[in-house]
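Here are a few friendly notes to read alongside the model. Take them one at a time, with the picture open.

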Amino acid sequence: MARYAAVLFDMFDTLVRFDRNRLPAAHIGGREVRSSVPELHRVAAAALPGVELPAFYDAFLWSYQEAERLRVDTHEEVPAQRRLQLFYRRVGADPAVIPPVVTEHLLATHMACLAGVAEPMPGQTELLDWLQGRYRLAVVSNFDYTPTVRRILAEGGILDRFETVVVSDTVGWRKPRPDIFERALDEMGLDPKDCLFVGDRPEIDVAGAKGVGMAAAWLNVDRAPLPPGLPAPDLELGGLPDLRPALEPHPQGP
């Protein structure tokens, strides 16, 4: 295995994952849904009179789906604030007349719900303990609000392990675009050939990293086949603990 100077990680479903079963529950349309929406609906009640919980939920879900649709073609990020504007319009409100304090409270409430259900991927702490001091470390994440990424890392006690944390809402572009990888490389002053990127999405993490000249490790917990047409990863991991033996030097035979 080649010797790398740095290991860069994707964030969600690589270092941490969301346990959505711990999100607030609401009964909408005869079924239970787990979402931040029950909390958000209470926050926005005064600013959006007449918008009942089912319509609120449908509009909030639509805003997520619409943001994802907009991201697909160009991989341009739709920041969280812009997504809330989509939501306001969907419920028939003019974003310009919504008090900024309401938007700030909605954003803080939604992100607190997400941060509250984030949990480390199995083996995360032990792997980072071993990597620290051996490799320079960084996070490169697709997400629409940088403070939440940093909050989750801080509350998990691992923020200080990473030399830099680069998130797509700050860069303006999402993986697999080269821009976000190149931002991290520039900030660290590293050549891509000296780096290994670890992520769970072959079409985003593996393809994006290899597209800028980095080696890539695919965290393939489900042991899924590699989709056709994508570059093969340099490593395939069934879990984060598999990375250590892949990087440890092996004694030479006789």
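1. The chain's secondary structure comes to 10 helices and 10 strands; both are DSSP runs numbered from the N terminus, helices being H or I with at least four residues and strands E with at least two. The radius of gyration, 20 Å, is close to the 18 Å that the globule rule gives for 254 residues, so the chain is as compact as a globular protein of that length. Here the radius is taken over C-alpha atoms, and the rule is 2.2 Å times the number of residues to the power 0.38.

2. Before going further, note that this is a predicted model, where local features need pLDDT of at least 70, side-chain atom pairs count only at pLDDT 80 or more, and totals for chains, interfaces and linings use all residues. Residues are numbered from 1 along each chain as its sequence is written, and side-chain values use heavy atoms, leaving out hydrogens and water.

3. Buried residues make up 48% of the 254 in the chain (buried means under 20% relative accessible area, with a 1.4 Å probe and protein chains only).

4. Now look inside. The largest nonpolar core (buried Ala, Val, Leu, Ile, Met, Phe, Trp, Tyr and Cys joined through side-chain atoms within 4.5 Å) has 63 residues, and V7, F9, L131, F162, L196, L243 and L247 touch the most other members. Helix α4 (residues 100-116) gives this core its largest share, 7 residues. Another core, of 20 residues, lies apart from it and includes L8, V140, A184 and F197.

5. Try finding L243: leaving aside residues up to four places away in sequence, L243 touches V7, F9, L127, L131, L196, V198, L235 and L237, where contact means heavy atoms within 4.5 Å.

How values were computed:
Buried < 20%, exposed > 50% of the residue type's maximum accessible area, 1.4 Å probe, protein only.
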